[in-house]
Amino acid sequence: MQSNPKVTQIEVSRLLLDSQNPRLPSIQITSHDAIRAMTERQGNKVLALAEHLLENGANPANLMMVIPAKSDPNFFVVLDGNRRLNALKLLESPQLAEGTLSEKDLRKLKKLSRDFESSPIQKFSFVVFDSRDEADVWISLTH
């Protein structure tokens with residue numbers, strides 16, 4: 001029996017990338033490692049997404065899916081929407097991408113980050129599930 005997932009707003013600072021994300025080459029130990037691995041894998045696609053988020057905000061028709069983090073119930077692991085979260089984390093802290101992007105792309109990211117500082121996205125709407133298994137039922141429909 002599935003619980004009823006709820007839609008709520010969560011601060012970006014309370015979100016963690018999923019270390020088990022299938023887009024990553026291997027399971028990452030820390031959120032910082034996951035950000036770097038995803039950035040390296042996505043390359044300039046992450047820049048295009050960051051720019052889109054900066055110009056348009058979040059897609060209201062496509063909510064990200066999260067579960068409470070086992071390590072700390074005040075944080076949430078993003079199961080669906082990791083590329084968007086990664087782009088946001090890089091807009092907040094472009095130095096996280098150092099060594100993973102070309103110098104040209106890193107300069108562009110830093111410029112986007114300066115623009116982001118004037119009107120940051122601080123909260124997103126999410127669907128909160130109790131467990132990974134409950135969310136996977138819905139994630140599998142979209143992937």
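## Empty space in a predicted model

By class, eight nonpolar, five polar and three charged residues form the lining of the second largest pocket. The structure described here is a predicted model. This report considers that pocket and then an enclosed cavity.

The second largest pocket holds about 320 Å³ of space. Its lining is made up of 16 residues, and those closest to the centre are Asp18, Ser19, Gln20, Val77 and Arg132. Several elements contribute to this lining: strand 2 (15–17), helix 1 (31–42) and strand 3 (64–68) each provide at least two residues.

Empty space is revealed by rolling a probe the size of a water molecule over the atoms. Across the whole structure, a search finds one cavity of 30 Å³ or more. The space in the largest cavity amounts to about 40 Å³. Met38, Gln42, Lys45, Val46, Leu49, Arg83 and Asn86 line the largest cavity. Two or more of these residues come from each of helix 1, helix 2 (44–56) and helix 3 (82–92). Helix 2 gives the largest share of the lining, namely three residues.

The table sets out the volume and lining classes of each space.

| Space | Volume | Lining residues by class |
|---|---|---|
| Second largest pocket | about 320 Å³ | eight nonpolar, five polar, three charged |
| Largest cavity | about 40 Å³ | three nonpolar, two polar, two charged |

Helix 1 supplies at least two residues to the lining of the second largest pocket, and helix 1 also gives two or more residues to the lining of the largest cavity.

Technical notes: Residues numbered from 1 in each chain as written. Predicted model: local features only at pLDDT ≥ 70, side-chain atom pairs only at ≥ 80, totals over all residues. Heavy atoms only, no water. 1 Å grid on protein atoms, 1.4 Å probe; cavity = no way out; pocket = protein on both sides within 12 Å on 5 of 7 lines; lining within 4 Å. Points joined across faces, edges and corners; volume = space filled by probe spheres on them. Helix = DSSP H or I, 4+ residues; strand = E, 2+ residues; numbered from the N terminus. Nonpolar A, V, L, I, M, F, W, Y, C, P; charged D, E, K, R; others polar.
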